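Thank you all for coming. I would like to spend a few minutes on empty space in a protein model, so please have a look at the chain first.

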Amino acid sequence: MQTIKSKDNKIFKSFNKLNQKKFRDREGLFVVEGDKLLLEAVKSGADIVTVAVRSDREGDYDDAYVFDDRLFEKIADTVSSQGVAAIVKKPDYTDPGEDGDVVVLDRIQDPGNAGSIIRTCDAAGISRIIAVKGTVDLYSPKVVRACAGSVFRVPIIEMETKEAIDALKNKEIIASTPRDAIGYKEIDIDGDKALIIGNEANGISEEFFDASDARVMIPMKGDIESLNAGVAAGILIYELLI
C-alpha cells in the first residue's frame, strides 16, 4: 500500500478532525490509539471504520492505511505512540434500562477521573453509566486511554439532568456529598441504586441533591477537605453497589 504523505489526504483529514469534540459528536465516531485499545475494540465487537499505522508498522494490520512518520505524529495523542490508531463508531446506547445499579457522572471534568470511574464501573459490573450534560467528553482520547478499554464494555448514556432524574425514578438515588450526609457505612438500602458522583469543584447539582433518597459521605480523619473524585467513586461503588 502506498504511504500517505499529504495532509490533504481524506483519510488523514478524517483522523485529524476527530481530535475535536464537535466532530466526534457530529460524526458519531472517535479515535483509539495503541495496540491494546484496538484489541479491546475488536474483542467488544465495536464497529471499526478505519485503521492507520505509522510507516514502521506497515504490514502489522490487514487493510490499514500507512502514514509517514510526520503525519502520524499529527494524529497521535500520546507522546510515545505505538504507531497504530483507529476510527471507531461510538456505541449507540439510549435506554437507561430498568434493572441493575447505575453510576451518574454529574459534570465530572477531569479526563483521568472520568476514565478511572468508567474502569471501576466495568470491574464492579455496573449495568450503566449516565453522563449528564457538562461532563467531560467520555470519548476524548485522554478518557479512552484512562479507562483502558472499559468504554467498550459499559453502556454509557448521555442525558440532561432532568431527563436523568426522571429515568432513575425506579432506583434509590444516592448522592455523594458532604452536605446533610451520613457516613457510607451507615446506609442500608435494598434494591437497585443510582450513585451520583459530582463535579470536582462544586459537587452534585441542586437537582440531584433534592432528588436523592440518601446522601452519603466518606469520613476522613486527616486534615483534608475531600478525596479525588475517582478515588471517592471507587470506594462508594464497591461499598454500596456490589
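I will go through the cavity, then the two pockets, and finish with one glycine.

What you see is a predicted model, in which local features need pLDDT of at least 70 and side-chain atom pairs count only at pLDDT 80 or more, while totals for chains, interfaces and linings use all residues. Residues are numbered from 1 along each chain as its sequence is written, and side-chain values use heavy atoms, with hydrogens and water left out.

Rolling a probe the size of a water molecule over the atoms shows where empty space is left. Here a 1 Å grid is laid over the protein atoms alone; a cavity is a set of points where a 1.4 Å probe fits but cannot get out, a pocket is an open set with protein on both sides within 12 Å along at least five of seven lines, and lining residues have an atom within 4 Å of a point. Points are joined across faces, edges and corners, and a volume is the space filled by probe spheres set on them.

How many cavities of 30 Å³ or more does the structure hold? There is 1, and the volume of the largest cavity is about 100 Å³. Its lining includes Phe15, Val31, Asp77 and Arg145, and β1 and α6 (141–146) each supply at least two of the lining residues; helices (H or I, at least four residues) and strands (E, at least two) are DSSP runs, numbered from the N terminus.

Turning to the pockets, the largest has about 560 Å³ of space. Of the 23 residues that line the largest pocket, Ser176, Thr177, Pro178, Gly203 and Ser226 lie nearest its centre, and the elements giving two or more residues to this lining are β10 (193–198), β11 (214–217) and α9 (229–241).

The second largest pocket has a volume of about 180 Å³. Among its lining residues are Lys21, Asp25, Gly134 and Met159, and α2, β6 (128–132) and β7 (156–159) are the elements that give two or more residues to that lining.

Last, where is Gly28 found? Gly28 sits in the loop between α2 (21–27) and β1 (29–33). Leaving aside residues up to four places away in sequence, Gly28 touches Phe23, Val88, Lys89 and Lys90, where contact means heavy atoms within 4.5 Å. Gly28 and Lys89 are 61 residues apart in sequence, yet 6.1 Å apart in space, C-alpha to C-alpha.
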